[in-house]
Amino acid sequence: MSLCGGCGHSAAPRPRPGPRAAQMSRRPELVCGAAIVLGCALLVTLKVTCSRAKDVTMAAKVPVNFFSSRSPVLDLFRGQLDYADYIRQDSEVVLYFFYAPWCGQSIAAREEIEQVASRLADQVLFVAVNCWWNQGKCRKQKHFFYFPVIYLYHRSFGPIEYKGPMSAVYIEKFVRRVMTPLLYISSRSKLLDFLSNYEPGVLGYFEFNASPQPPGYLIFFTSALHSLKKDYLGTIHFGVITDKQIAKEISLTRSGSVYLHRHVNTSLIYPNEVMNYTAENICKWALENRETFIRWLRPHGGKSLLLNNELKKGPALFLFIPFNPLAESHPLLDEITKVALEYNNCNKSQAAEPVLQHLRDANSLDFESIVPHARTEVADTYSITKYPCCNTVMLPQWHSISRTHNVCELCVNQTIGVKPSKVNVPQCNFLEIEAALDSFYLKEHTFFQFVSNTIECSNFLSFYSPFSYYTACCRTVNRGLINLISSEKTIFQTPKVAFSSNGKKGKDDTHHSIPHIEDRNCFTSDLCVNGTHITGLSCRTNKTLHFYLLDSNLFWMYAERLGASRSTHVKEFAAIVDLKEEAHYILDQNQTLIKSTLENFIQNFSILYSPLKRHLAGDSSVHFPAQHIITEVTTNTFCDVVLLSEKDVLLLYYAQWCGFCASLNHIFIQLARLLPPNNFTVARIDVTQNDLPWEFMTDRLPTILFFPYNRKDKSVKFPEDFSVTLPNLLKFILHYSNLPSAAPDSEPCAKECLQKERVLQQEHISHLRSEIQKLRSEVSALHQAQDQLEAQLSEARREEHKLQQQKHTLEKQHSILQLHSEQLQALYEQKNRELEEMAEKLQELADASENLLTENALLKVLLAAMEGKLENRDETKKSLQSEKTLSTHNTGPVLTAIDRLHERERLDVSNIDTTVMEHKENRTE
């Protein structure tokens with residue numbers, strides 16, 4: 001039968017249903033109604049249960065002010081994000097501080113935000129929003145994964161998220177950068193200061209004479225904000241030039257032009273013809289082509305791959321200096337910047353910065369005034385040498401130019417015009433100079449058909465690129481002086497121009513000489529500068545350093561991990577970390593961190609056989625007792641205990657986590673007791689806490705090394721396939737400690753020497769015999785102790801057997817007691833039920849007794865009433881008798897009255913008897 005439908009027919013016989021089932025089968029709608037009612041009841045029950053469960057949860061507390069009422073920060077502690085957006089429309093610069101009241105970092109940053117707001121409240125609107133309260137709009141619209149979060153808005157542009165340190169000076173510096181993203185340059189000195197900054201700079205030239213907002217100015221302004229949005233460190237500075245003459249100093253002639261200044265590589269001009277002039281494109285172009293030869297690192301302190309990713313790039317120089325972003329000058333930072341610039345200046349001259357050199361020497365004479373009779377080509381060469389990507393070539397005799405000149409200088413240029421552009425010269429690389437050499441040798445040009453002491457220059461097109469050409473400036477040098485080219489001190493001079501070569505050996509027969517790429521020192525005398533020994537070192541070594549700066553006020557903990565002293569007062573530290581070589585070197589903290597010491601530190605690291613010693617990390621805080629069976633070796637004591645000791649040393653490499661190393665301790669203790677302490681030292685070192693020189697490190701634990709006293713440089717490793725036992729260790733030590741000295745030139749030992757050796761060996765043998773005798777006595781004592789232990793064990797086994805029997809007996813008793821306990825429990829429950837029944841009966845009796853007492857009281861009242869009535873009757877009888885005697889004529893009425901009285905008495909007596917009988921019946925019940 002279906003739930004709500006009729007009956008289905010079945011072939012099998014079924015029993016006859018009862019009357020109720022038959023009634024329900026006749027009315028199936030009853031079944032549907034019952035099912036619906038039961039379902040509704042179940043739903044109501046579930047709803048009531050859930051509603052009661054929700055009522056158990058305590059409602060969230062109403063938030064309170066996070067900032068004080070006197071604070072310059074507007075605190076929207078209820079998360080009113082809509083109101084924050086409303087008041088932002090009336091302010092130019094707004095700072096949003098999204099916080100959670102329970103967050104410790106938010107609480108710590110609160111004071112820093114208040115300090116910044118107290119200084120900039122008149123220019124910036126500071127708004128704090130509680131983004132944790134569940135009923136606030138900020139929580140519903142923003143989904144932050146961390147707190148606090150700082151957003152900045154410059155009018156309608158934003159948000160610009162600040163991700164730097166939560167320090168007042170850094171936050172204020174970033175806010176000021178957002179307030180004034182552009183620096184206006186109106187003089188030559190300001191331009192020089194802007195270009196001298198170690199950070200890359202972007203300059204835009206706009207003419208404000210015709211319009212207060214020239215075309216493209218707002219786009220350039222927005223690009224500066226875009227750079228802050230993409231790079232919160234603000235490594236790119238943006239400036240605006242308003243003077244046409246100053247703009248010409250960097251080859252900007254058209255309003256709206258954008259210039260990217262680079263110190264080492266060639267500066268660039270924004271290609272309007274290739275890229276659209278938009279804020280995003282300008283920012284992207286500047287970030288892709290910027291020059292970062294020195295970088296700030298600001299690790300946030302949590303789990304991060306920041307340092308790991310930087311160390312994978314190659315050797316890194318970490319410089320920890322105290323830094324104040326709001327300070328106007330940073331002398332130490334300027335010196336570090338100069339070192340980094342010279343290190344990456346592969347041209348070895350300041351010609352890599354022609355604009356800065358030109359601005360610094362604005363009042364200097366031109367090249368033509370210095371050499372008034374020079375040819376026009378020489379002047380062109382000077383303009384080219386300001387951007388040197390050149391190679392000095394000694395021409396072979398088969399070359400056609402060798403008839404007039406024997407030395408040439410090839411300079412590569414890449415531009416469409418004849419004269420090179422100041423900003424489009426490519427970076428010098430090997431492939432371009434090699435292509436120029438090939439083109440130069442394929443084209444056999446001659447300058448003049450006579451020997452000349454002057455420099456002859458000409459431009460040649462390249463075979464490999466239609467947009468490249470090279471300049472060849474050739475001259476004649478005396479053949480006898482060619483051999484001096486290999487000397488670094490030789491400078492070929494003429495009355496007009498100085499010409500130099502560096503570092504290559506020349507031969508008299510130059511028929512087989514091959515052009516080579518070499519480093520230039522000075523091409524012209526007026527371009528020679530006082531270069532240092534690290535100038536261009538990054539291009540002359542395969543261990544190029546990456547420069548990183550860290551603020552020691554915030555990240556001194558990293559310096560301490562690298563080896564800085566914790567007790568120092570001046571927080572200046574330098575360290576080189578080479579992840580590939582698994583080594584790092586530190587600059588002695590006794591030396592002042594200045595330009596000269598930093599240059600020496602870099603040069604010592606870069607040379608082939610570096611005199612720097614790898615910094616070995618050792619745990620100096622752990623102290624060990626002087627009198628110890630096994631000597632504990634550390635990084636500081638390794639040399640004295642192992643290498644400089646006049647004893648044979650057996651050294652165990654172990655670690656605290658190595659379980660097998662700990663199992664060898666008793667073997668080494670026995671070995672230390674066997675060996676004479678005057679001649680042998682048993683030591684160990686924890687390699688997880690102490691570094692050693694690479695030649696003494698190991699890649700597996702435990703490792704055992706033996707250092708003979710007369711052959712410390714020929715240490716021997718205990719074989720890995722041998723088990724580490726006391727006999728094997730003794731054989732290993734005796735075998736390698738008795739080897740003769742390896743000095744081949746030593747004279748044969750005399751008889752006295754042999755006698756001394758024999759005596760020494762006899763002493764060793766006697767000592768070993770005595771030690772073996774001690775061991776035998778100890779072994780016999782151990783055997784006796786073993787017998788005693790076996791007897792004690794047998795006695796213990798018997799005791800254990802007795803205890804097992806007692807245990808079984810107790811278990812049986814426990815089972816019987818458990819059965820009795822169950823029976824007593826059942827009896828207790830039965831008696832308890834009987835007592836409950838008796839208590840109920842007693843309660844009923846008590847209630848009946850109370851009723852009887854009430855009825856007794858009523859009976860007493862009735863009896864008293866009857867007694868009163870009887871007394872009244874007696875008095876009435878007496879009065880009637882007296883009246884009978886006095887009046888005899890009224891005999892009939894008196895009798896009637898007397899009869900009525902007797903009738904009333906009978907009724908009263910009958911009523912009393914009835915009441916007494918009922919009372920007796922009640923008592924009987």
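The expected span of a helix is 1.5 Å times one less than its number of residues, and this yardstick is used in two of the legends below, all of which describe a predicted model.

**View 1. Helix α22 and the face formed by its buried residues.** Helix α22, made up of residues 726-737, has 12 residues and reaches 16 Å from its first C-alpha to its last, which is close to the 16 Å expected at 1.5 Å a residue. Buried along this helix are L726, L729, F732, I733 and S737. Because these buried residues fall within an arc of 125° when seen down the axis of α22, they line one face of the helix. The elements that cover them include the strands β23 (648-654), β24 (680-686), β25 (703-707) and β26 (716-717), together with the helix α21 (665-674).

**View 2. Helix α18 and its cover.** Helix α18 spans residues 595-606, and its 12 residues reach 17 Å from the first C-alpha to the last, close to the 16 Å expected at 1.5 Å a residue. The buried residues of this helix are T597, L598, E599, F601, I602, F605 and S606. Among the elements covering the buried residues of α18 are the strands β12 (316-321), β19 (546-551), β20 (573-578) and β21 (583-586), as well as the helix α12 (331-344).

**View 3. An open sheet of 5 strands, with a helix lying across it.** The strands of this open sheet follow the order β6-β8-β7-β9-β10, and their pairing is mixed. Since β6 (182-185) and β10 stand at the edges with a single partner strand each, one side of each is left without a neighbour in the sheet. Within the sheet, β7 (residues 201-205) and β9 (residues 258-261) pair in the antiparallel sense over 4 bridges, and G201 can be found opposite H261 in β9. Helix α8, formed by residues 217-230, lies across β6, β7, β8 (237-241) and β9, and the helix runs at about 165° to β8.

**View 4. The surroundings of T278.** T278 is located in the loop that lies between β10 (268-269) and α10 (279-289). With a relative accessible area of 27%, T278 is partly exposed, because buried means under 20% and exposed over 50%. When residues up to four places away in sequence are not counted, T278 touches I219 and Y270. Although T278 and I219 are 59 residues apart along the chain, their C-alpha atoms are separated by 6.1 Å.

Terms used:
Residues are numbered from 1 along each chain as its sequence is written. This is a predicted model: local features need pLDDT of at least 70, side-chain atom pairs count only at pLDDT 80 or more; totals for chains, interfaces and linings use all residues. Side-chain values use heavy atoms; hydrogens and water are left out. Helices (H or I, at least four residues) and strands (E, at least two) are DSSP runs, numbered from the N terminus. Buried means under 20% relative accessible area, exposed over 50%, partly exposed in between (1.4 Å probe, protein chains only). Contact means heavy atoms within 4.5 Å. Two strands pair if DSSP finds at least two bridges between them. Axes are lines fitted to C-alpha atoms, for helices over the stretch in contact, and angles run from 0 to 180 degrees between N-to-C directions. The arc is that of the directions from the helix axis to the C-beta atoms.
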